[in-house]
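Please examine the sequence and the three-dimensional structure shown below. The explanation after them is intended to be read alongside both.

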Amino acid sequence: MIANTESLKHHSEPLAVCAEGVYKAYRRGATSTPVLSGVDLVVPRGECVFLAGPSGSGKTPLLSILGCILSADRGRVHILDQDVLALDPQQRTTLRRNRLGFVFQRFHLIRGLTALDNVCVPLTLRGTAPQTARQRALALLDAVGVAGEANAHPRNLSAGQCQRVALARALAGDPDLILADE
């Protein structure tokens, strides 16, 4: 749901995402390549929104900014009523760990861990007891149809199975907002 800046000021419902004038450029030496130029986005809580565009149009950088992985160069970004750009790196990490789920385009599963252990990671980082984390992870792997692969390592899984494990991992902490990059 892309909106102009004027409409961003008049939203009365609680918002999951409110971004105004987001600008991001990648720098290589003296060269700066803009990837986002003045992006506005409003997503009310409870909505499901899909971003579409050609390869290289900035979908992944935008999701990475919304997921507190990258910082915008300019603009305003509020995620779940928090001004992300005003947070220090530790506060962004805490927001990401406790309230966001992220499914990465290339999965980013930890190769040396089993599917089960990959899903346990966000839970243990939150302080969940190991046995409770394993039970939750197994239930999520079952929910996404790969419980039979719980002890397999990512290198032994198909791309589709890796995507399901990544989805289970994103859901593990019962996040308030899920961002999925393809």
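The paragraphs that follow treat a helix and its packing, then a buried acid and its surroundings, and finally the charged pairs.

The coordinates come from a predicted model, and every residue named here should be read with that in mind. A suitable place to begin is helix 4, which spans residues 115-125. Its buried residues are Ala115, Leu116, Asn118, Val119, Cys120, Pro122 and Leu123. An α-helix has 3.6 residues a turn, so residues three or four places apart point the same way. The buried residues of helix 4 pack against helix 5 (130-143) and helix 6 (159-171). After helix 4 comes glycine 127, whose phi is positive, near 95 degrees.

The packing can also be viewed from helix 6, where alanine 168 lies. Alanine 168 counts as buried because its relative accessibility is 0%, and buried means under 20%. Leaving aside residues up to four places away in sequence, alanine 168 touches Val119, Leu140, Leu141 and Val144. Val119 is itself one of the buried residues of helix 4. Between alanine 168 and phenylalanine 107 the separation is 61 residues in sequence, and their C-alpha atoms are 11 Å apart in space.

The next residue to consider is aspartate 181, found in the segment after strand 6 (177-180). Which side chain of opposite charge is nearest to aspartate 181? It is lysine 59, at 6.9 Å, and aspartate 181 has no salt bridge although it is buried. A salt bridge here requires a nitrogen within 4 Å of a carboxyl oxygen. The side chain of aspartate 181 does make a polar contact of 2.6 Å with the side chain of threonine 60. Beyond residues up to four places away in sequence, aspartate 181 touches Thr60, Leu63, Val103, Phe104 and Gln105.

Phenylalanine 104 leads from this acid to the aromatic rings. The count comes to one aromatic pair. The ring centres of phenylalanine 102 and phenylalanine 104 are 4.6 Å apart and their planes stand at 35 degrees, so the pair is tilted. Phenylalanine 102 counts as buried, at 12% relative accessibility, whereas phenylalanine 104 is partly exposed, with a relative accessible area of 23%. Another ring, that of tyrosine 23, has arginine 74 over its face, at 4.2 Å from the ring centre.

Charged pairs complete the picture, with a count of six salt bridges. One of them joins the side chains of lysine 24 and aspartate 73 (3.7 Å, N to O). Lysine 24 lies in strand 1 (residues 15-28) and aspartate 73 in the loop between helix 2 (59-66) and strand 3 (74-79), so this pair ties together parts that are 49 residues apart in sequence. Lysine 24 counts as buried at 12% relative accessibility, while aspartate 73 is partly exposed at 32%.

Another salt bridge is formed by arginine 45 and aspartate 81 (2.8 Å, N to O). Arginine 45 is in the loop between strand 2 (31-44) and helix 2, and aspartate 81 is in the loop between strand 3 and strand 4 (82-83), so parts that are 36 residues apart in sequence are tied together. Arginine 45 is partly exposed at 36% relative accessibility, and aspartate 81 is exposed at 57%.

A further salt bridge joins arginine 99 and aspartate 176 (2.6 Å, N to O). This pair links distant parts of the chain, with arginine 99 in helix 3 (residues 89-99) and aspartate 176 in the loop between helix 6 and strand 6, 77 residues apart. Finally, salt bridges that share partners join Lys24, Arg27 and Asp73 into one network.

Key
Residues numbered from 1 in each chain as written. Predicted model: local features only at pLDDT ≥ 70, side-chain atom pairs only at ≥ 80, totals over all residues. Heavy atoms only, no water. Buried < 20%, exposed > 50% of the residue type's maximum accessible area, 1.4 Å probe, protein only. Helix = DSSP H or I, 4+ residues; strand = E, 2+ residues; numbered from the N terminus. Contact = heavy atoms within 4.5 Å. Phe/Tyr/Trp six-rings, centres within 6.5 Å; stacked < 30°, edge-to-face > 60°. Lys NZ or Arg CZ within 6 Å of the ring centre and 35° of its normal. Lys, Arg positive; Asp, Glu negative; His and termini not counted. Polar contact = N/O pair within 3.5 Å; in protein donor to acceptor, adjacent residues only side chain to side chain.
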